[in-house]
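User: I'd like to learn how to read helix packing and burial in a model like this one. Could you walk me through it?

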2 protein chains.
Amino acid sequence: MEMNSQSQEKSYMASIPSKLHEFIKKIKKIGEEDPRRIIHSTKVGLALTLVSFFYYFRPLYNGFGQAGMWAVLTVVVVFEFTVGGTLSKSINRGCATLLAGALGVGAEYLAGACGEKGEPVVLGLLVFSLAAVSTFTRFIPNVKRKYDYGVLIFILTFSLVAVSGYRVEQILELAHQRLSTILIGGATCMIISIFVCPVWAGRDLHFLVAGNIEKLAAFLQGFGGELLACGGDESSKDSSGTNVEKSLLKSYKSVLNSKATEESLANFAWWEPPHGKFKLKHPWKQYSKIGGLTRECACLIESLNTNTITSKPLAPSEFTAQIRQMSTESGKALAEIAAAMKKMRRPEAHLQSAKAAADRLRSVLQNSSDLQEVAPLLVAASVLIDVIGFADAIAAAVGDLAREAGFEGVKTTEAHRRGIVSPVDDGEHVVVEIQAELPEKNIITT
Amino acid sequence: MEMNSQSQEKSYMASIPSKLHEFIKKIKKIGEEDPRRIIHSTKVGLALTLVSFFYYFRPLYNGFGQAGMWAVLTVVVVFEFTVGGTLSKSINRGCATLLAGALGVGAEYLAGACGEKGEPVVLGLLVFSLAAVSTFTRFIPNVKRKYDYGVLIFILTFSLVAVSGYRVEQILELAHQRLSTILIGGATCMIISIFVCPVWAGRDLHFLVAGNIEKLAAFLQGFGGELLACGGDESSKDSSGTNVEKSLLKSYKSVLNSKATEESLANFAWWEPPHGKFKLKHPWKQYSKIGGLTRECACLIESLNTNTITSKPLAPSEFTAQIRQMSTESGKALAEIAAAMKKMRRPEAHLQSAKAAADRLRSVLQNSSDLQEVAPLLVAASVLIDVIGFADAIAAAVGDLAREAGFEGVKTTEAHRRGIVSPVDDGEHVVVEIQAELPEKNIITT
């Protein structure tokens, strides 16, 4: 028994180096995934060290006094990963402090007029009601999105000024000191954030949305190959190739849950000054529209994936070939759109061939006397027709973005831009009634 | 021209009351949607007023001095909507302050030993490296999830102590004061949060996940009716009924984007003490598994919705009836699961009839000589068979939760619990190869 616990302890001690090794590998991976994380950490250290000097060295200390610590505090809480995040917090903090400070002084005067007994009662009531009302405004979606931190600082500063004012005679001098130190802290953060290896939320949003389209494209292109491997010769499917393909086929899954990241980046991008090819009134809202369409398309792909990979299609090769082409062509078109978007050029979606494949598919379906044979792939075919509809909608949305943001590229006419794929003719053929045109009511834009 | 601008101004002035009315209505709606928001706002006001007294009244002021403002600051930044959020922030803040304070004092001593010239250099280096390293740890997913705020406060306190210590002789006394005021602020928040109309993140998570299952159930039940209205008699479809149904059919869309809320609630729930029927080691992780399955199922429903509502099925009534029954029965089963979960009882999923409907559907498909006729509904049928597979997986996952959390109810055996729906027999029939059993690789659990 004792031997056992000793050996257990030994094995535990022995596992420490390997665990440490694991941990270091994990840390290294986080840094390698996005080296800007390491740069950001250094930037925070730099800003904090710089600001500490305001508090540390005697001449500045005499100027700012205890308020100098507000500069340190501001840097720590305000410095965010993206420029937009830092600006949003700095501006929120500055404005809220100014407003709440002024209101706090007003509350002081009001309470002072109520006599020594009335003063604490009035101040208590004011603090209570202002805190309660302000806290409630944080539930308003628009306030929460852009000014949440500002409201927090507003409550904080008002309470501090209203309550501390009773003691500190030189409340205006204190306010002046505190504001200037917050300004120093905030300005340091903003300057370092903007000028030292800036991380623009707008740029990140742009590449996140384009990357999501790319992931869908990768799936659709890979899906064609998968179909061939399943329906065709088994010998071509070696295990290593399948693994690589499997991970490619899975990458679209991250698209499904990208909404929260997209939203927060869009909120931060709103605060950012013009940078690179992103102008002052860059249409940030358009990204959430494209993102919404991409997620809906990913949903369709998810159902395609659930369905077809489980089944073992035994369909005639002509039918399989049509579906395969439809998938590959729509994947190619989406890849082109994503590539154009990444380069900030006007996209030229080549969905015509996907469309043509869909047309041929329909004719195969009509002329096939025994539909029983193609039934297992019918679902894939139908979902892919829907996917092409979404690909078209994505192309149009990216086109709108390109126009609004003034991307470079071939000038396309409105008709050409929207009409790359004409809606699939419906009504005549039973099989075709699944329309390739995107139904308006199904677009989630938020 | 002047007239125009005057009339414009007039119309703008005239629109103010209606805008104000709009705004008040919006505010009222936010309060009515969740009255706990109003209670929460009041609670924050109460906590802040209480804590202000520590700073305000003379005897306490003498005891705590300027440090009293840390109590106010703590309340403002620590008080969150849910108990878990408040506890998480309070505990993070307390522990981080303690640890960073101790390290800060250590840094002071170390720097002091380096002479007057060396001191600022050493302190600067220490602040820089600690801030940089700590900031980097905030990118580690596990740290970010639970200790993000703690790391922030750690950097803040360390910098303040290390830098301010140079001036303030009585650093230990200051630390003691600051810690006790933070303790007072944190304790006030925690007590009010737990004992005055508590909002438990765990309870919210439980009902969010159950509610999402309910939304899927509502869609599936409504989808049966929709199919009937489309395929059957047009006269039964009056416009008001359709509108209600449409909003019912849309509610599942919110499920698709519920991941972020679910995750943050699960993180907060982790900090909460046992409450109600939620015990100390409540299996919070299981919720994200159920949530993931529900979202995947919502994805299938999304593709079902994109597909079928656009098409105008002309299928034979027997086939439509089978699909309808499959949809309605699986909807009913999910509704039962959700209802049992809400009541914290062991669920008894009655998926047998949905399964039987699927079986009958298959026999219809096999015996139907002209598949062309049923083709438009084939997609819906196939997706619904997948949905039943997910419903089964959700039933099993909720069963696991019920077992782990010790929900009350009929004691079911393992075989009964998991085997409510036996996997669909595959291989024999071409159409049936879309398995009702959920493929393991498609489960997103995170």
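Analyst: Gladly! Let's begin with handedness: the crossing of helix 7 of chain A and helix 2 of chain B is right-handed. Keep in mind throughout that this is a predicted model.

User: At what angle do helix 7 of chain A and helix 2 of chain B pack, and how far apart are their axes?

Analyst: The general idea is to compare the N-to-C directions of the two axes. Here helix 7 (residues 141–164) of chain A meets helix 2 (residues 36–56) of chain B at about 40 degrees, and the axes lie 10 Å apart. Helix 7 of chain A is therefore oblique to helix 2 of chain B.

User: Which residues make that contact between helix 7 of chain A and helix 2 of chain B?

Analyst: From helix 7 of chain A come A:Ile155, A:Ser159, A:Val163 and A:Ser164, while helix 2 of chain B offers B:Leu48, B:Ser52, B:Tyr55 and B:Tyr56. Sorted by class, this contact has five nonpolar, three polar and no charged residues. As for the spacing, an α-helix has 3.6 residues a turn, so residues three or four places apart point the same way.

User: Now a pair inside one chain, please. How do helix 5 and helix 8 of chain B pack?

Analyst: Helix 5 (residues 83–112) and helix 8 (residues 171–195) of chain B pack at about 175 degrees, with their axes 9 Å apart. Because angles over 145 degrees count as roughly antiparallel, that is how helix 5 of chain B runs relative to helix 8 of chain B. The contact between them has eleven nonpolar, six polar and two charged residues. The helix 5 side includes B:Arg93 and B:Glu108, and the helix 8 side includes B:Leu179 and B:Ile182.

User: What about burial: how many residues of helix 4 of chain B are buried?

Analyst: For burial, look at relative accessible area, with under 20% counting as buried. Helix 4 (residues 68–78) of chain B is mostly covered, with eleven of its eleven residues buried. Among them are B:Trp70, B:Thr74 and B:Val78.

User: And a charged side chain: is B:Arg295 buried or exposed?

Analyst: B:Arg295 has 8% relative accessibility, so it counts as buried. This arginine sits in helix 13 (residues 284–308) of chain B. Beyond its neighbours within four places in sequence, B:Arg295 touches A:Asn257 from chain A, along with B:Val255, B:Leu256, B:Ser258, B:Lys259 and B:Glu262.

User: Finally, what is the secondary structure of chain A?

Analyst: Chain A has 17 helices and zero strands. Of its 446 residues, 54% count as buried.

Note on methods: Residues numbered from 1 in each chain as written. Chains lettered and ligands numbered in written order. Predicted model: local features only at pLDDT ≥ 70, side-chain atom pairs only at ≥ 80, totals over all residues. Heavy atoms only, no water. Axes fitted to C-alpha atoms, helices over the stretch in contact; angles between N-to-C directions. Helix = DSSP H or I, 4+ residues; strand = E, 2+ residues; numbered from the N terminus. Parallel < 35°, antiparallel > 145°, perpendicular 65-115°, else oblique. Left-handed = near helix turned anticlockwise from the far one by under 90°. Contact = heavy atoms within 4.5 Å. Nonpolar A, V, L, I, M, F, W, Y, C, P; charged D, E, K, R; others polar. Buried < 20%, exposed > 50% of the residue type's maximum accessible area, 1.4 Å probe, protein only.
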